[in-house]
Amino acid sequence: KQTFRAWFEERQKNLGPLQGGRPPVVLWPDTFNNHFFPHTAKAAVEVLESAGYRVQIPKRNLCCGRPLYDYGFLDKAKHNLEDILDALSGQITAGVPVVVLEPSCLSVFRDEMTNILSKNEDAQRLRTQAKSLGEFLEGARYSPPVLNRKALLHGHCHQKAMWGVSAEKKLLSKMGVDADVLDSGCCGLAGSFGYEDG
């Protein structure tokens with residue numbers, strides 16, 4: 001009924017300048033969490049604020065274009081990436097971290113973007129400034145609340161292939177969560193193909 005972006009913008013109007021002085025962090029509102037699972041992105045805002053950060057989001061709707069690569073629409077994908085760099089230019093130049101909840105989006109920023117825009121300095125900067133929530137909180141020396149429970153940790157396929165789940169495992173350990181990392185398994189979505197008939 002309400003996207004994460006709509007919730008965030010409404011919330012910012014009500015908050016006003018209460019968070020002045022806190023270091024900024026950009027939260028990437030990926031399409032999935034923005035439209036289908038806004039509660040996940042809202043929870044990320046809560047966690048980032050409790051870690052002492054002032055959360056920002058891009059001023060307009062953006063998409064990393066992950067599904068475009070699967071179908072060979074590389075010109076459109078390149079346009080999306082250039083649009084992202086243009087929209088985040090000030091924050092990228094200032095060194096503001098970008099927290100990305102969706103691993104497939106983060107893999108775009110770390111791999112496809114720098115392949116397609118290999119000579120773009122902002123693309124190279126974003127590659128290093130973009131972090132998973134676990135990586136960012138681990139680097140921020142965040143002290144999470146303690147949960148004391150067991151959990152299964154199923155890493156995303158892009159995440160497992162590119163940077164692993166060690167930051168998430170460390171964060172869960174700090175929370176008192178005994179996480180059993182699955183060594184195999186697939187969510188079965190297979191990119192955007194899971195949304196197609198047949």
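Helix 7 and helix 8 are roughly antiparallel to each other. That is a handy place to start looking around this model, which is a predicted one.

**The big picture**

The protein chain holds 11 helices and 6 strands. It has 198 residues, and 39% of them count as buried. Take the contacts with a separation of 6 or more in the protein chain: 80% of these involve residues 24 or more positions apart.

**Helix pairs**

Two packed helices are described by the angle between their axes and the distance between the axes. Here are three pairs from this model, described that way.

| Helix pair | Angle between axes | Axis distance |
|---|---|---|
| Helix 7 (residues 103-116) and helix 8 (residues 121-129) | roughly 165° | within 8 Å |
| Helix 5 (residues 74-87) and helix 7 | about 110° | 10 Å |
| Helix 1 and helix 3 (residues 38-50) | about 35° | 9 Å |

Let's go back to helix 7 and helix 8, whose axes cross at roughly 165°. Angles over 145 degrees count as roughly antiparallel, so that label fits this pair. The crossing itself is left-handed. On the helix 7 side, the contact is made by Phe109, Arg110, Met113 and Thr114, while helix 8 brings in Ala123, Gln124, Leu126 and Arg127. Sorted by class, the residues of this contact are 4 nonpolar, 2 polar and 2 charged.

Helix 7 also packs with helix 5, at an angle of about 110°. That makes helix 5 roughly perpendicular to helix 7. The crossing of these two is left-handed as well. From helix 5 come Lys78, Leu81, Ile84 and Leu85, and they meet Val108, Phe109, Met113 and Ile116 in helix 7. This contact has 7 nonpolar residues, no polar ones and 1 charged one. Phe109 and Met113 are worth a second look: they sit in the contact with helix 5, and they turn up in the contact with helix 8 too.

Then there is helix 1 with helix 3, where the axes are 9 Å apart. Helix 1 supplies Phe4, Trp7, Phe8, Arg11 and Leu15, and helix 3 supplies Pro38, Ala41, Lys42, Val45 and Glu49. The class count for this contact is 7 nonpolar, no polar and 3 charged residues.

**Two residues up close**

Is Thr114 of helix 7 buried or exposed? Its relative accessibility is 7%, so Thr114 counts as buried. Setting aside neighbours within four places in sequence, Thr114 is in contact with Phe109, Ala123, Gln124 and Arg127.

Over in helix 8 you will find Gln129. Gln129 is buried, with a relative accessible area of 12%. Which residues does Gln129 touch, leaving aside its neighbours within four places in sequence? They are Gln91, Ile92, Gly95, Val96, Pro97 and Val98. Ile92 is 37 residues away from Gln129 along the chain, yet their C-alpha atoms are separated by 7.6 Å.

**Aromatic rings**

A pair of aromatic rings is described by the distance of the centres and the angle of the planes. The count here comes to 6 aromatic pairs. One of them joins Phe4 and Phe8: the ring centres are 5.8 Å apart and the planes stand at 45°, so this pair is tilted. Both residues lie in helix 1 (residues 4-15), 4 residues apart, which is about one turn of the helix. Phe4 and Phe8 are both buried. Add Trp7, and ring pairs link Phe4, Trp7 and Phe8 into a cluster. Those three names also appear in the contact of helix 1 with helix 3.

Phe32 and Phe36 form an aromatic pair that is tilted as well, with 5.4 Å centre to centre and 50° between the planes. Phe32 is partly exposed, with a relative accessible area of 32%, and Phe36 is exposed at 53%.

**A loop with positive phi**

Last stop: the loop between helix 9 (133-139) and strand 5 (149-153), where Arg141 is found. The phi of Arg141 is near 55°, a positive value in a residue other than glycine. Arg141 is exposed, with a relative accessible area of 71%. Asn148 lies in the loop between helix 9 and strand 5 too. Asn148 is not a glycine either, but has a positive phi of about 50°. With 59% relative accessibility, Asn148 counts as exposed.

How values were computed:
Residues numbered from 1 in each chain as written. Predicted model: local features only at pLDDT ≥ 70, side-chain atom pairs only at ≥ 80, totals over all residues. Heavy atoms only, no water. Axes fitted to C-alpha atoms, helices over the stretch in contact; angles between N-to-C directions. Parallel < 35°, antiparallel > 145°, perpendicular 65-115°, else oblique. Left-handed = near helix turned anticlockwise from the far one by under 90°. Contact = heavy atoms within 4.5 Å. Nonpolar A, V, L, I, M, F, W, Y, C, P; charged D, E, K, R; others polar. Phe/Tyr/Trp six-rings, centres within 6.5 Å; stacked < 30°, edge-to-face > 60°. Buried < 20%, exposed > 50% of the residue type's maximum accessible area, 1.4 Å probe, protein only.
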